[in-house]
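Visitor: Could you walk me through this protein, one question at a time?

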Amino acid sequence: MTRIVEPAILACPRCNYPMRRTRYASIHFYAATYWSDGYTSTISVAGNPDLGVCCSCESIFWVEDAEELGIMHREPESTQWPWWKRGLARFDEKATATLAKEKAWRAIPDQWHFAGQIEPPRARELLWALAQGVGDTPARERRLRQKIWWVGNHPDRGGYAIRDPMTPAQAHENRLALLELVRQDGETHKRHLTEAELLRQLGYFDEALAVLEHTLLIGNETAVLLAENARARETKVVKVGGWSELEGG
Ligand SMILES: [Zn+2]
């Protein structure tokens, strides 16, 4: 079960405008589909975006850079209590605690009540973010370029009403730049599969096959599938049996 608790209020790193971020007590992913580019589709979309758009100044920021101002508490039941119940509250530990919650709730700045949800950037905004230097470290540039890569592959996944926001030249350039960043990763299954997949989608089939022959990928089902597609000179993203088990592998 995915369970949501009281949201947090975060400040936009640029203009300090308060925004609401959903907090989860637990997250459950239903019916995941894994794709050859490392993207996972789920029926129930849960979890918070790592990049957000400010609803006030429209800047795009990393949510981890946004200061948490506090928690948006729910209105406690005590606001409905009659005067005599409030008077008796001090004799009851639970009622005293409820009144303390009410005090905290009343201290919430008015602005927080109107705080909008942090929304993830749309496809086109990701390109804008890249151009604006939001990928300010190699790791962040990598995350941003990976998002752009995934968005560009969405039309080939079926069921996504998203058009590729990039021209073929932009998509090509992004894959090449991402390839350079991925090659800086350590020796893992995931790194080699991602490298091979980028090469395959770039149309460099022989190079993709050479990477897939890496000893780390011997007996790997995803590598076999990618090699089949590379030999068939296919460049589109494909479904794979699993990817998550390769995390950290
Ligand atoms: Zn802002």
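Visitor: In the open sheet of 3 strands, what is the order of the strands?
Guide: Let us start with the words: helices (H or I, at least four residues) and strands (E, at least two) are DSSP runs, numbered from the N terminus. Two strands pair if DSSP finds at least two bridges between them. In this open sheet the pairing is antiparallel, and the order is β4-β3-β9.

Visitor: Which strands stand at the edges of that sheet?
Guide: An edge strand here has a single partner strand, so one side of it is left without a neighbour in the sheet. The two strands in that position are β4 and β9 (239-240).

Visitor: Which residue in β9 stands opposite Y34?
Guide: β3 and β9 are joined over 2 bridges, in the antiparallel sense. Opposite Y34, in β9, you will find V240.

Visitor: Before we go on, what kind of model is this?
Guide: Residues are numbered from 1 along each chain as its sequence is written. Local features need pLDDT of at least 70, side-chain atom pairs count only at pLDDT 80 or more, and totals for chains, interfaces and linings use all residues, because this is a predicted model.

Visitor: How many bridges join β1 to β2?
Guide: Strand β1 covers residues 3-11 and strand β2 covers residues 18-26. A8 stands opposite R21 in β2, and I9 has R20 as its bridge partner there. The two strands run antiparallel, and the number of bridges joining them is 7.

Visitor: Which residue takes a positive phi in the hairpin of β1 and β2?
Guide: This hairpin has 6 residues between the strands. The residue with a positive phi, near 70°, is N16.

Visitor: In β8, what is the bridge partner of R20?
Guide: β2 is also joined to strand β8 (residues 116-117), by 2 bridges, and these strands run parallel. The partner of R20 in β8 is Q117.

Visitor: And in β7, what is the bridge partner of L10?
Guide: β1 pairs with strand β7 (residues 68-71) in the antiparallel sense, over 3 bridges. For L10, the partner in β7 is E68.

Visitor: What distance separates the centres of domain 1 and domain 3?
Guide: The domain bounds come from an automatic or database domain assignment. That assignment gives domain 1 (3-72), domain 2 (77-107) and domain 3 (123-246). Taken over C-alpha atoms, the centres of domain 1 and domain 3 are separated by 24 Å.

Visitor: Which strand gives the most to the side of domain 1 that touches domain 3?
Guide: Two residues are in contact if their C-beta atoms, placed from the backbone, lie within 7 Å. The contact takes 14 residues from domain 1 and 20 residues from domain 3. On the domain 1 side, β3 (33-35), β4 (40-41), β5 (51-53) and β6 (60-62) each supply at least two residues. With 3 residues, the strand that gives the most is β3.

Visitor: Which residues touch the most other members of the largest nonpolar core?
Guide: A residue is buried if 20 or more other C-beta atoms lie within 10 Å of its own, exposed if 12 or fewer, and partly exposed in between, with C-beta atoms placed from the backbone. A nonpolar core is a set of buried Ala, Val, Leu, Ile, Met, Phe, Trp, Tyr and Cys residues joined through C-beta atoms within 7 Å. This core has 22 residues, and those that touch the most other members are A196, A208, L212 and L226.

Visitor: Which elements do the buried residues of α5 pack against?
Guide: The expected span of a helix is 1.5 Å times one less than its number of residues. The 16 residues of α5 should therefore span 22 Å, and its end C-alpha atoms are indeed 22 Å apart. Its buried residues include L144, I148, W149 and V151. They pack against α4 and α6.

Visitor: Does E207 count as buried, exposed or partly exposed, and what is its state called?
Guide: E207 has its place in helix α8. It has 17 C-beta neighbours inside 10 Å, so E207 counts as partly exposed.
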